[in-house]
Amino acid sequence: MWRSGVALAAVMGIAPLAGAASGPALDYTLNCEGCHRADGTGTPGSVPALQGSVARFLAAPGGREYLARVPGVAQAPLDDAALAAVVNWMLDRFDEPHVPATFTPYGPEEIGRLRAHPLTDVEGTRRRLLDAIERAP
């Protein structure tokens, strides 16, 4: 009985900490950080950085859709509401200065609609969007 009491006390002591480590930050850690890294710098040569660049896509036609349709987002094992929260969190966390003043956060319905059609030409689409961003005034 004593051991189960100690175990229960240990769990009770940890429970408040577990609640603090939830939501979009934890979902990013569990589903995105392995490739995009904790600081959003990506994996040079294979996984694009989010830091200082992810919100720039919002300024290009089709960029908003792109962010929800890239395979890592579209195929994430999260429900639409949790995924919308992660994408909004990433924009704020990694590239807040480039989030347009008129930005409307992603919602679960939009994420669900867009992720149902994952991109097949990710690199080509990314290249076209980056070209559009470069040409923009």
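Helix α6 gives the most to the lining of the largest pocket, with 5 residues. The model is a predicted one, and this pocket is a good place to enter it. Its volume is about 640 Å³. In total, 29 residues line the largest pocket, and those closest to its centre are His36, Val47, Pro48, Val70 and Gly72. Several helices share the work. At least two lining residues come from each of α3 (33–36), α4, α5, α6 and α8 (122–135). The lining of the largest pocket divides into 21 nonpolar, 5 polar and 3 charged residues.

Now step back to the whole chain. The protein has 8 helices and 0 strands. Read from the N terminus, its elements run α-α-α-α-α-α-α-α. There are 137 residues in the protein, and 33% of them are buried. Contacts reach far along the chain. Take the contacts between residues at least 6 apart in sequence: 68% of them join residues at least 24 apart.

How far can the model be trusted from place to place? The average pLDDT of the protein is 88, and 85% of the residues score at least 70. Two stretches score low. Over residues 6–12 the pLDDT stays under 50, and the model has 0 contacts there beyond four places in sequence. Residues 14–20 also have a pLDDT below 50, with 0 contacts beyond near neighbours in sequence. Both stretches fall in the range of helix α1, which spans residues 2–20.

Just past α1 comes Gly23. This glycine sits in the loop between α1 and α2 (24–31). Is Gly23 buried or exposed? Gly23 counts as partly exposed because its relative accessible area is 29%, which lies between the limits of 20% and 50%. Its C-alpha atom is 7.6 Å from that of Ala82, although the two residues are 59 apart along the chain. Ala82 belongs to α6, which covers residues 80–95.

Move on to helix α3, where Cys35 is found. With a relative accessible area of 44%, Cys35 is partly exposed. Which residues does Cys35 touch, leaving aside its neighbours within four places in sequence? They are Gly42, Thr43 and Val47. The last of these is 12 residues away along the chain, yet the C-alpha atoms of Cys35 and Val47 are separated by 6.4 Å. Val47 has appeared before, among the residues closest to the centre of the largest pocket.

The next stop is Arg37. This residue lies in the loop between α3 and α4. Its backbone stands out: Arg37 has a positive phi of about 70 degrees although it is not a glycine. Arg37 is partly exposed, at a relative accessible area of 39%.

Helix α4 spans residues 63–69. Two of its residues deserve a look. One is Leu67, placed in this helix. Leu67 counts as buried because its relative accessibility is 9%, and the cut-off is under 20%. Not counting residues up to four places away in sequence, Leu67 touches Val54, Phe57, Leu58, Val73, Leu91 and Tyr106. Between the C-alpha atoms of Leu67 and Val54 there are 8.2 Å, and the two residues are 13 apart along the chain.

The other is Arg64, also in α4. Why does Arg64 count as buried? Its relative accessible area is 17%, and buried means under 20%. Leaving aside neighbours within four places in sequence, Arg64 is in contact with Phe57, Leu58, Phe103, Thr104, Pro105, Tyr106 and Glu110. Phe57, Leu58 and Tyr106 are also among the residues that Leu67 touches. With Glu110 there is a polar contact: the side chains of Arg64 and Glu110 are joined at 2.7 Å.

Glu110 leads on to helix α7, which runs over residues 108–115. The buried residues of α7 are Glu110, Ile111, Gly112, Leu114 and Arg115. What covers them? The cover includes α4, α5 (71–74) and α6. So the path closes where it began, because α4, α5 and α6 each also supply at least two residues of the lining of the largest pocket, as counted over helices defined as DSSP runs.

Note on methods:
Residues are numbered from 1 along each chain as its sequence is written. This is a predicted model: local features need pLDDT of at least 70, side-chain atom pairs count only at pLDDT 80 or more; totals for chains, interfaces and linings use all residues. Side-chain values use heavy atoms; hydrogens and water are left out. Helices (H or I, at least four residues) and strands (E, at least two) are DSSP runs, numbered from the N terminus. Buried means under 20% relative accessible area, exposed over 50%, partly exposed in between (1.4 Å probe, protein chains only). A polar contact is a pair of N or O atoms within 3.5 Å; within protein, one must be able to donate a hydrogen and the other to accept it, and residues adjacent in sequence count only if both atoms are side-chain atoms. Contact means heavy atoms within 4.5 Å. On a 1 Å grid over the protein atoms alone, a cavity is a set of points where a 1.4 Å probe fits but cannot get out, and a pocket is an open set with protein on both sides within 12 Å along at least five of seven lines; lining residues have an atom within 4 Å of a point. Grid points are joined across faces, edges and corners, and a volume is the space filled by probe spheres set on the points. Ala, Val, Leu, Ile, Met, Phe, Trp, Tyr, Cys and Pro count as nonpolar, Asp, Glu, Lys and Arg as charged, and the others, Gly among them, as polar. pLDDT is the predictor's confidence in each residue, from 0 to 100.
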